[in-house]
Amino acid sequence: QGQYEKALPLYEESLRLRKEVLGDKHPSTLTSMNNLALLYQSLGDYGKALLLYEECLMLRKVALGEHHPDTSVSMNNLATLYRNQGEYDK
């Protein structure tokens with residue numbers, strides 16, 4: 001039902017806790033980062049979404065490799081954000 005505002009603090013806390021407990025490059029931490037970026041995109045906060053998508057992609061490339069399925073998900077999400085903003089050349 002689009003209760004994004006209620007979800008936001010939960011996603012933020014989840015990412016904070018996973019970073020604290022698991023570290024910045026753990027796959028579960030990166031999943032939380034990606035999920036928070038998706039929520040920011042849904043809220044129309046494209047600046048925050050962009051920063052998280054870019055960070056998540058960079059960390060997934062380092063932690064998982066360029067050919068890992070999760071890395072591909074990050075590339076796709078970032079490309080979708082660019083497309084939605086009309087930045088087709090990126």
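# Report on a predicted four-helix chain

Ala49 has its place in helix 3, helices being DSSP runs of H or I with at least four residues, numbered from the N terminus. The model is predicted: local features need pLDDT of at least 70, side-chain atom pairs count only at pLDDT 80 or more, and totals for chains, interfaces and linings use all residues. Residues are numbered from 1 along each chain as its sequence is written, and side-chain values use heavy atoms, with hydrogens and water left out.

## Residues of helix 3

Ala49 is buried, at a relative accessible area of 0%. Here buried means under 20% relative accessible area, exposed means over 50%, and partly exposed lies in between (1.4 Å probe, protein chains only). Setting aside residues up to four places away in sequence, Ala49 touches Ala37, Tyr40, Gln41 and Leu81, a contact being heavy atoms within 4.5 Å. His67 stands 18 residues from Ala49 along the chain, and the C-alpha atoms of the two are separated by 23 Å.

Arg60 also belongs to helix 3, which covers residues 46-64. What is the nearest side chain of opposite charge to Arg60? That side chain is Asp70, 4.5 Å away; Arg60 is buried yet has no salt bridge. A salt bridge requires a side-chain nitrogen of Lys or Arg within 4 Å of a carboxyl oxygen of Asp or Glu. Not counting residues up to four places away in sequence, Arg60 touches Leu30, Thr31, Asn34, Gly65, Asp70, Thr71, Val73 and Ser74.

## Asn77 and Gly44

Asn77 is found in helix 4, residues 69-84. With a relative accessibility of 12%, Asn77 counts as buried. Its contacts, neighbours within four places in sequence left aside, are with Asn34, Leu38, Gln41 and Tyr53.

Gly44 is placed in the loop between helix 2 (27-43) and helix 3. Gly44 is partly exposed, its relative accessible area being 38%. Between the C-alpha atoms of Gly44 and Gln3, which are 41 residues apart along the chain, the separation is 14 Å.

## Salt bridges

Side chains of opposite charge can pair when their charged atoms come close. A search of the whole structure finds three salt bridges, set out below.

| Salt bridge | N to O distance |
|---|---|
| Arg16 and Glu13 | 2.7 Å |
| Arg16 and Glu20 | 2.9 Å |
| Asp45 and Lys48 | 3.9 Å |

Salt bridges that share partners join Glu13, Arg16 and Glu20 into one network. Where do these residues lie? Arg16 and Glu13 are both in helix 1 (residues 4-22), three residues apart, about one turn of the helix. Arg16 and Glu20 likewise both lie in helix 1, four residues apart, about one turn of the helix.

The accessibility of the network members can also be stated. Arg16 is partly exposed, with a relative accessible area of 41%. Glu13 is partly exposed as well, at 34%, whereas Glu20 counts as exposed at 57% relative accessibility.

As for the pair of Asp45 and Lys48, Asp45 counts as partly exposed, with 28% relative accessibility. Lys48 is partly exposed, with a relative accessible area of 43%.

## The chain as a whole

The secondary structure comes to four helices and zero strands, a strand being a DSSP run of E with at least two residues. Along the sequence, the pattern reads α-α-α-α. The radius of gyration is 13 Å, close to the 12 Å that the globule rule gives for 90 residues, so the chain is as compact as a globular protein of that length. This radius is taken over C-alpha atoms, and the globule rule is 2.2 Å times the number of residues to the power 0.38. Taken along the principal axes, the C-alpha atoms fill a box of roughly 35 × 35 × 20 Å.

Of the 90 residues, 28% count as buried. Among contacts with a separation of 6 or more, residues 24 or more positions apart account for 50%. The accessible surface comes to about 5,600 Å², of which 52% belongs to carbon and sulfur atoms; accessible areas come from the Shrake-Rupley method with a 1.4 Å probe, and for residues only the protein chains shown count as cover.

The chain has 10 positive and 12 negative side chains, and the centres of the two sets lie 3 Å apart. Lys and Arg count as positive and Asp and Glu as negative, while His and the chain ends are not counted. The place of each charge is taken as NZ of Lys, CZ of Arg, CG of Asp or CD of Glu.
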